[in-house]
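Visitor: I am new to this structure and would like a close look at a single part of it. Could you take one place and follow its surroundings outward, step by step?

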Amino acid sequence: MAILFSSLMSFTEARDHLVGGKTDSWKIPSSESDSLNRWAEKSRFLVGDSLVWKYDGAKDSVLEVSKRDYVTCNTSSPIAMHNDGNTKIVLEHSGAYYFISGVKGNCEQGQKLVVVTLSKRRYADAPVPSPVEFDGPAIAPTSNAVSLKASLVVAFGVLVGFWL
C-alpha cells in the first residue's frame, strides 16, 4: 500500500525544472533542435512547479514577457526581469509563460522559451502542449510514460486485491 500511495503522491508534488536540463542552457541555441522549446515540449509543467535558470547574471538576464513581446523579441516592457544568474520562477497559473533573453539580439537568434502549464486536476487527461509553433499552442500526443505509470498502479492494485 505504501508503494501505491507513493506512486499516487508523485502526481501531485511540485517540481523544480532546470531549464534545458543543464546549467548552461540559457544561451543562443546552436541549431533548431537545440532550442529550449524542443526541451519544453518533452516535459510536463504543472501549476506549482518552478523553472530554474543557471546563467552568468553579469552577461545575461531572463525576461518574462507577453506573447506579443515574445513573438517580436521586444525587451522594452517585460512583465518581470531577472538577472541574478540563479533565477527561479514558480508557475502559479495554467496557460502559457513566455521568456526571452534580455541581451539585445539574442531573442532574434533563438534564445527564448515558451512553457505551457497545466492545472493539476487536468494533468492526467491532458495531452502534452507543444510550444514550438506559435500562433497558439499546438497539442502533442500524451506521454506514454504517464499511461505506463497509471497502468502499473492499476496492475499493482489488482495484485494486492488478489493477495488479500
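**From one side chain to the strand beside it**

Guide: The side chain of Asn106 makes a polar contact, at 2.8 Å, with the side chain of Gln111. The model is a predicted one, and in it Asn106 sits in the loop between β7 (95-101) and β8 (112-118). Although Asn106 belongs to a loop, it counts as buried because its relative accessibility is 13%, which is under the 20% that sets the limit for buried residues. Leaving aside residues up to four places away in sequence, Asn106 touches Ile28, Asp60, Ser101 and Gln111.

From this loop we can go on to β8, where 7 of the 7 residues are buried. In a regular strand the side chains alternate between the two faces of the sheet. Both faces of β8 are covered, with Lys112, Val114, Val116 and Leu118 buried on one side, and Leu113, Val115 and Thr117 buried on the other. As for its partners, β8 runs antiparallel to β7 and is joined to it by 6 bridges, with Ala96 standing opposite Val116 of β8. Strand β2 (residues 45-46) also pairs with β8, here in the parallel sense and over 2 bridges, and Phe45 stands opposite Thr117.

Leu113 of β8 leads us to the largest nonpolar core, which has 16 residues and in which Trp26, Leu51, Trp53, Phe99 and Leu113 have the most contacts. At least two residues of this core come from each of α2 (36-41), β3 (50-54), β7 and β8, and the largest share, 3 residues, is supplied by α2. Apart from this core lies another one, of 9 residues, among them Leu63, Tyr70, Cys73 and Ile100. In soluble globular proteins, nonpolar side chains tend to be buried together.

Leu51, named above for its contacts inside the largest core, touches a number of residues beyond four places away in sequence, including Trp39, Phe45, Phe99 and Val115. The bridge partner of Leu51 in β6 is Ile89, and β3 and β6 pair in the antiparallel sense over 5 bridges. These two strands belong to an open sheet of 3 strands, with the order β1-β3-β6 and mixed pairing. β1 (16-18) and β6 (86-90) stand at the edges with a single partner strand each, so one side of each is left without a neighbour in the sheet. Neighbouring strands of this sheet are turned against each other by 20° on average, direction ignored.

How values were computed. Residues are numbered from 1 along each chain as its sequence is written. This is a predicted model: local features need pLDDT of at least 70, side-chain atom pairs count only at pLDDT 80 or more; totals for chains, interfaces and linings use all residues. Side-chain values use heavy atoms; hydrogens and water are left out. Helices (H or I, at least four residues) and strands (E, at least two) are DSSP runs, numbered from the N terminus. Buried means under 20% relative accessible area, exposed over 50%, partly exposed in between (1.4 Å probe, protein chains only). A polar contact is a pair of N or O atoms within 3.5 Å; within protein, one must be able to donate a hydrogen and the other to accept it, and residues adjacent in sequence count only if both atoms are side-chain atoms. Contact means heavy atoms within 4.5 Å. Two strands pair if DSSP finds at least two bridges between them. A nonpolar core is a set of buried Ala, Val, Leu, Ile, Met, Phe, Trp, Tyr and Cys residues joined through side-chain atoms within 4.5 Å. Axes are lines fitted to C-alpha atoms, for helices over the stretch in contact, and angles run from 0 to 180 degrees between N-to-C directions.
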